[in-house]
Each structure stands twice: as structure tokens, then as C-alpha cells.
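Visitor: Please give me a close look at a single part of this model. Start from one residue, and then show me what else is held together across the chain.

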Amino acid sequence: MVRPIVVATGTDESEWASWPAMKGWPAFPLDPPGPPLVVAPHPDDEILGVAGLMAMLGEAEVVAVTDGEASHPGSTVHTRAELAAIRRAETDEALARLEVDGPVHRLGQADGGIDEDAVVAALVPLLTPGRWCLATWREDGHPDHERVGRAAARACAATGARLLEYPIWTWHWARPDDPDVPWHRARVIDLTPAAIAAKSAAIAAFPSQIAPLGPDPADAAILPPHVLARFARPFEVVFG
Ligand SMILES: [Zn+2]
């Protein structure tokens, strides 16, 4: 299901923070059988979703499905090719700030037009039974996020890898107790102070997304402060 994600400012972080149910979700033990595979539809999704998890493990293998060239379709400052290059470099810098070792596999798919079957084909050789595969939730509300989530689910079913889905835009369009969200599957990863600091530094490595490219409305920040507030929590959430 694709939901309108650019609805005003979305759900304020203060609403989530005052939702009692969130404090009762089970903790998720960080005991992967090896480096997890983290699948990102766009550069920054992996950081917003699970940077703290990656920082605490100190290792991860990342699959960058697109280079995020469509973040500012009407930009008066950058071409799509320039944006792609900028965002690739931002991912590299963010992972360096997390001190995460591991390759980044760049699939170079079209931002806004991800080919689900091609993602499955790319993921299957990277997965083994029990390996953690973190991907955007299948119903996150953004078409690319949902295609990546479905592809990861199929690849995990085919290989016996363990699928863990991380929500991104869900925090924007959903509300506490939203019946469209599988809250019963929510698991919490509590972040250490070092991981919180590393995540904050990694998010700051994406100036193309957190700050305007220029004064034109087409160059506005994709992740303004009220959006970033949802990713400054001292914990991360996955659907297990
Ligand atoms: Zn995204």
C-alpha cells in the first residue's frame, strides 16, 4: 500500500515520545551470526534506520539500491548525475563516521523506479541461512521502500536469511496505535551513548538532504529538523 508521505509535517516526534506502548516493546538482542546485510533504497535510509545498530556491531555490508538522484527533481543547483555522485560520497562518509567496515554494493537502480526482481537477484547471492538482512519495511509508504522490503522478504525466504524490517516514513504518516502497522512485531535496539553520537555524526554527513541546496523551493531540505527528530531517539526499532 502506498501512502501519501508528503502530508504536511507528519506525526510530531513528541506524539511518539509520549506513547506508552513504545516503552513496552521487547528489546532485540544484538547477536547476529556475522556482519548483517543492510539494504537501503536511497542513500541515508540505512543511516536513519539502523546506524546505531551498525555502529554497535562495528561491521555491516550495505546494499545501496539507488544513488538517490531523484531527491530534488526540479533542482536549480544540481543535475541528477551530480546528486547521485554527492549522495554516494555522503554514504561513504557516513559509514566512515560510524567506523563500520564492510563493502557497499551499489546496484545503480533508478531512484523512483526500483526493479524488485533485480533486487532479489542481487540479494540472494549475498544471503546465507540465519544471516541478518535489514531492509525498509514492506509497507513503509514510499514505493521504493516497499519494493526493497518485498525484494528482501523474497530473498530471505529463498535463502533462509533472517529478515528484519526497519520503518522510515512510517513514523511520518502513521500515528500511535495505527492499525496499519504491525506494532506486535516491533523490537527495540537500545543505543549506547557512543552509538547515539555516531548516528548523529553520520546523519550530519548528508548535507544534500538535511539542508537546502539553495533558496529555490525545489532545493528545500528533504529531511528538515522535524523529520530528523524521529531519528534522534536513543533507540531504533525493527519489525522482527
Ligand atoms: Zn528512502
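Guide: Helices (H or I, at least four residues) and strands (E, at least two) are DSSP runs, numbered from the N terminus. One of these helices, α8, spans residues 207-210 and holds Ser 208. Ser 208 is buried, because its relative accessibility is 3% (buried is under 20% relative accessible area, exposed over 50%, partly exposed in between; 1.4 Å probe, protein chains only).

The model is predicted, so local features need pLDDT of at least 70 and side-chain atom pairs pLDDT 80 or more, while totals for chains, interfaces and linings use all residues. Numbering runs from 1 along each chain as its sequence is written, and side-chain values use heavy atoms, without hydrogens or water.

Go next to the metal. A zinc ion is held by His 42 through ND1, by Asp 45 through two OD contacts, and by His 145 through NE2. These contacts are 2.1 to 2.6 Å long. Donors are N, O and S atoms within 2.8 Å of the metal (3.2 Å for Na, K and Ca); water is not among the atoms, so sites may look incomplete. Along the chain, the zinc donors are spaced as H-x2-D-x99-H. Asp 45 sits in helix α2, residues 45-57, and His 145 in helix α5, residues 143-159. They are 100 residues apart in sequence, so this pair ties together separate parts of the chain. Asp 45 and His 145 are both buried.

Stay with helix α5. Arg 154 lies there too, while Asp 117 lies in helix α4, residues 116-123. The side chains of Asp 117 and Arg 154 form a salt bridge, at 3.0 Å from N to O. A salt bridge is a side-chain nitrogen of Lys or Arg within 4 Å of a carboxyl oxygen of Asp or Glu. The two partners are 37 residues apart in sequence, so their salt bridge ties those parts together. Arg 154 is partly exposed, because its relative accessibility is 37%.

The whole structure has 14 salt bridges. One of them joins Arg 233 to Glu 13, with the closest N and O atoms 2.8 Å apart. Here the reach is 220 residues. Glu 13 belongs to helix α1 (residues 13-17). Arg 233 sits in the loop between α9 (225-228) and β7 (235-239). Arg 233 and Glu 13 are both buried.

Strand β7 takes part in another link. Glu 236 forms a salt bridge with Lys 199, and their closest N and O atoms are 2.8 Å apart. Glu 236 is in β7 and Lys 199 in helix α7, residues 193-203, so parts 37 residues apart in sequence are tied together. Lys 199 counts as buried, because its relative accessibility is 5%. Glu 236 is buried too, with a relative accessible area of 2%. Elsewhere, salt bridges share partners: Glu 116, Asp 117, Arg 150 and Arg 154 join into one network.

Finish at the strands. Strand β4, residues 132-136, pairs with β5 in the parallel sense. Five bridges connect β4 and β5 (DSSP must find at least two for strands to pair). Ala 135 stands opposite Glu 165 in β5. Strand β5 covers residues 162-166 and is mostly covered itself, with four of its five residues buried.

Look back once. Helix α5 brings His 145 to the zinc ion and Arg 154 to the salt bridge with Asp 117. The starting point, Ser 208, lies in α8.
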